[in-house]
Amino acid sequence: MKVLIIEDEDLNAETIVNHIHRYDATLQIVAHLKSKAAIEDWLLQNNSVDLVFSDIELLDGNVFSLLKENKIAAPIIFTTAYDTFYQDAFDSNGIAYLLKPISYKRFEAAMHKFQNLKGDEKQQDWEKIATTLLKSTANYKERIIIKNNTEITILNTKNIAALLTDAGKCIAIDEDGKEHTFRDKISDLAAQLDPNIFFQINRSEIINLNYIEKIETYFNDRLLIKIKNYKNKLTTSTSITPQFKRWLEK
């Protein structure tokens, strides 16, 4: 079976490759592509594959603009740090939606679904399958432990107004606007937080819906977000702004 990987971050691609080899060493990874341009070039010169693992935000934009042109006909397992593209994913041959960091257990569940569908293609219900897979990952992070040389602070996630990154460290902004520094990856946290409450507005900032005080328009189709009791405004990325607006309207 031929597998295509679309992922612009090497570490994430390596995780997928390792999971593939662990699941079935006979699976053939035919290419690792990092951009929409690379996908189009590759498809012009190669035959279709059996399965695709695809990130959503690539180096040159959102992958859905390419998928809407029906460039890829194979089933797609989406692998992303964002939880706001479910509908787009299952309008685009998506059979599973795995939030980063991707554990082997969730990867294996998605592969089992794919294998089952291969034997029953006439009864495929992608959205139902997606819902089933996503329910198994709905145990969201309830607290963050902040440690320093003299004390340990426990922050309940419902009381965290925002999460930021700065110089390789994470900063949790509490309900009073106080900053708490700790070591973690923003992409890991994004996958562990309740998507009904938290939204990653760019690569380095996550906001809590319940602490949004004001939203203002900004240039390049971005938005400025004022968090309650916090001195600085946060900014959505241009590519995320439409999804953020849809998330607010849920």
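The buried residues of helix α8 are covered by strands that include β13 (198–202), β14 (205–208), β15 (212–218) and β16 (222–227). This is a predicted model. Two of those strands, β13 and β14, also belong to an open five-stranded sheet. The points below take the helix, the sheet, a central strand residue, the internal spaces and a separate hairpin in turn.

**Helix α8**

- Helix α8 spans residues 241–248, and its buried residues are T241, Q243, F244 and W247.
- These four lie on the same side of α8, because they cover an arc of only 160 degrees around the axis.
- Q243 sits in this helix.
- Q243 has a relative accessible area of 9%, and the cut-off for buried is under 20%, so Q243 counts as buried.
- Beyond its neighbours within four places in sequence, Q243 contacts T84, F85 and F199.

**The five-stranded sheet**

- The strand order is β12-β11-β10-β14-β13, and the pairing is antiparallel.
- β12 (179–182) and β13 form the edges, each pairing on one side only.
- Neighbouring strands are turned by 20 degrees against each other on average, direction ignored.
- α8 packs on this sheet and touches β13 and β14. The direction of α8 makes about 160 degrees with that of β13.

**Strand β10 and its partners**

- β10 covers residues 160–166 and is joined to β14 by three bridges, with the two strands running antiparallel.
- Two of the residues facing β14 can be named: L164 has E205 as its bridge partner, and L163 stands opposite I206.
- β10 also pairs with β11, over six bridges and again in the antiparallel sense.
- The hairpin of β10 and β11 has two residues between the strands. In this hairpin, A167 takes a positive phi near 55 degrees.
- β10 is mostly covered, with five of its seven residues buried.

**A162, a buried residue of β10**

- A162 belongs to strand β10.
- Its relative accessible area is 1%. Buried means under 20%, so A162 is buried.
- Across the pairing with β11, A162 stands opposite I173.
- Not counting residues up to four places away in sequence, A162 touches I171, A172, I173, I206, I207 and L234.
- A162 and L209 are 47 residues apart in sequence, yet their C-alpha atoms are 9.2 Å apart in space.
- As background for reading such contacts, side chains in a regular strand alternate between the two faces of the sheet.

**Cavity**

- The structure holds one cavity of 30 Å³ or more.
- The largest cavity has a volume of about 80 Å³.
- Its lining consists of A81, Y82, D83, L189, A190, L193, P195, F198, F199, Q200 and I206.
- α7 (186–192) and β13 each supply at least two residues of this lining.
- β13 gives the largest share, three residues.
- F199 appears twice in this account: F199 lines the largest cavity and is in contact with Q243 of α8.
- I206 also recurs: I206 is part of the cavity lining, touches A162 and stands opposite L163.

**Pocket**

- The largest pocket has a volume of about 540 Å³.
- It is lined by 23 residues, and those closest to its centre are E9, N12, K100, S187 and D188.
- Three elements give two or more residues to its lining: α1 (10–23), β11 (169–174) and α7.
- α7 thus links the two topics: α7 contributes to the lining of the largest pocket and to that of the largest cavity.

**The β8–β9 hairpin**

- Strand β8 (residues 143–147) and strand β9 (residues 152–156) run antiparallel and are joined by five bridges.
- Four residues make the hairpin connection from β8 to β9.
- K147 of this pair stands opposite I152 in β9.

Key. Residues numbered from 1 in each chain as written. Predicted model: local features only at pLDDT ≥ 70, side-chain atom pairs only at ≥ 80, totals over all residues. Heavy atoms only, no water. Buried < 20%, exposed > 50% of the residue type's maximum accessible area, 1.4 Å probe, protein only. Arc of directions from axis to C-beta. Contact = heavy atoms within 4.5 Å. Pairing = 2+ DSSP bridges. Axes fitted to C-alpha atoms, helices over the stretch in contact; angles between N-to-C directions. 1 Å grid on protein atoms, 1.4 Å probe; cavity = no way out; pocket = protein on both sides within 12 Å on 5 of 7 lines; lining within 4 Å. Points joined across faces, edges and corners; volume = space filled by probe spheres on them.
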